[in-house]
Amino acid sequence: MNEKIWLSSPHMGGNELKYIHEAFDANWVAPLGPNVDGFEQDIVSFLEGNVQVAALSAGTAALHLALIECGVGYGDEVICQSMTFSASANPIAYQGAIPVFIDSEPDTWNMCPRHLREAIRDRFAKGKKPKAIIVVHLYGMPAKMDEILQVAKEFDIPVIEDAAESLGSSYKGQACGTFGRFGILSFNGNKIITTSGGGALVCHSQEDKDKAVFLSTQARDNAPHYQHSHIGYNYRMSNISAGIGRGQMEVLTERVNARRAMHQFYTELFESVEGVTVLSEPSSDFYSNHWLSAIVLDAEKVGKNREDLRLALFEDNIESRPLWKPMHMQPVFANSPYYGTQVAEKLFKDGLCLPSGSNLKDEEKLRIREAVDTFFLTKP
Ligand SMILES: *Cc1c(COP(=O)(O)O)cnc(C)c1O
């Protein structure tokens, strides 16, 4: 059996262990510490905006705190892109709030600004003002931020950007994660860089960051004993994880370039295949880190469907995965309102994510090429 080719696997840069050793030598084996400060600073420098960053235990935790800081509570409504990973929407439920899902538009597969406006109008008509809008840059592709921010401004609703998959992406030259009232990043094991598990909240004021740090460290009031006037969380990043993060930040630009090269590989591979479209930047306004390269396969033109391709790759021990199943189609969110047509549903039916790791070797790419070529040359 050939060795497994993964969709996206961790890729260390080399200096991660150095930072972990420093933490051990100083006995900073705790949450907080110099690596946490250093990692936050590295992210701030990379994002280049006027931002403050709080390193946390997960991207999901960052989203949860963003919702709390936007004042989302029991019975409130929060608008969320449907085509995403469940962690974008789960924190809405943590707060006892109700997600309102929005369809994708076909260019970026992200939140459709037209359906967003329609949804807000309709929620207003029903006497509900949504408390926040969660927009996602899925697979690294920036959402149409100009249009989305315009709608958000029109109705005075804060935007939370889920940039978990898009560190290193930008829109009109501005880093993803820095457009909204808050942005969130993830350093989970499968993301473009990893701390083995972790996330960050991107803020635009010291006050917002301080509040996130306060809430993420059990909300301890200023007193010699343990005193609490808020419900707290244990969401801070550890100094060991942050050490991995510092090593990873040194190679982030290389990782982005390698993922973009994988996208180029697939663009060339599918160039002459009728019925396959590779998700690509709609114009030079969009710069994607291409965290995952993804395609849609038109079964009528190809004569075989997405699932046939997935299974053919699986036969050769090559991992691929259907696009994320939209939230409005998930049993757990079956009762949530949804605004849109069938764009996300169709993407889910025909779409496939392909191996995109920055550490794929030439012989692995060759195996992928051969498996794909064989699939499309073989008659159904
Ligand atoms: C990974 C991911 C998250 C969650 O991040 P964690 O660090 O795993 O909690 C949220 N949203 C999207 C779109 C993701 O891909």
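The exercises below, each with a worked solution, concern the pocket, the ligand surroundings and the cavity of a predicted model.

**Exercise 1.** Work out where the largest pocket lies with respect to domain 1 and domain 2, and describe its lining by class.

*Solution.* Begin with the volume, since about 410 Å³ of space lies in the largest pocket. Next, consider the lining, which consists of 27 residues, with Phe85, Glu165, Asn188, Asn190 and Lys191 lying nearest the centre of the pocket. Sorted by class, this lining comprises 12 nonpolar, 10 polar and 5 charged residues. Among the secondary-structure elements, α3 (59–69) and β8 (182–186) each contribute at least two lining residues, and α3 gives the most, with 3 residues. Finally, turn to the domains: because domain 1 (16–251) and domain 2 (253–377) both give residues to the lining, the largest pocket lies between them.

**Exercise 2.** Identify which residues come nearest to the ligand, and determine how much of its accessible area the protein covers.

*Solution.* Start from the 15 residues around the ligand, of which Thr60, Asp162, Glu165, Ser186 and Lys191 come nearest. Then examine individual atom pairs, taking N or O atoms within 3.5 Å as polar contacts. A polar side-chain atom of Glu165 is found 2.5 Å from a ligand oxygen atom, while a polar side-chain atom of Lys191 is placed 3.2 Å from an oxygen atom of the ligand. In the case of Gly198, a backbone N or O atom lies 3.4 Å from an oxygen atom of the ligand. As a last step, compare areas: on its own the ligand has 380 Å² of accessible area, and the protein covers 93% of this.

**Exercise 3.** Establish how many cavities of 30 Å³ or more the model contains, and state which residues line the largest cavity.

*Solution.* Applying the volume cut-off first, the count comes to 1 cavity of 30 Å³ or more. The space in the largest cavity amounts to about 40 Å³. Reading along the chain, its lining is formed by Ser9, Pro10, His11, Lys191, Ile192, Ile193, Thr194, Gln248, Arg255 and Arg259. Divided by class, these lining residues are 3 nonpolar, 4 polar and 3 charged.

Key
Residues are numbered from 1 along each chain as its sequence is written. This is a predicted model: local features need pLDDT of at least 70, side-chain atom pairs count only at pLDDT 80 or more; totals for chains, interfaces and linings use all residues. Side-chain values use heavy atoms; hydrogens and water are left out. On a 1 Å grid over the protein atoms alone, a cavity is a set of points where a 1.4 Å probe fits but cannot get out, and a pocket is an open set with protein on both sides within 12 Å along at least five of seven lines; lining residues have an atom within 4 Å of a point. Grid points are joined across faces, edges and corners, and a volume is the space filled by probe spheres set on the points. Helices (H or I, at least four residues) and strands (E, at least two) are DSSP runs, numbered from the N terminus. Ala, Val, Leu, Ile, Met, Phe, Trp, Tyr, Cys and Pro count as nonpolar, Asp, Glu, Lys and Arg as charged, and the others, Gly among them, as polar. Domain bounds come from an automatic or database domain assignment. A residue is near a molecule or strand if one of its heavy atoms lies within 4 Å of it. A polar contact is a pair of N or O atoms within 3.5 Å; within protein, one must be able to donate a hydrogen and the other to accept it, and residues adjacent in sequence count only if both atoms are side-chain atoms. Accessible areas come from the Shrake-Rupley method with a 1.4 Å probe; for residues, only the protein chains shown count as cover.
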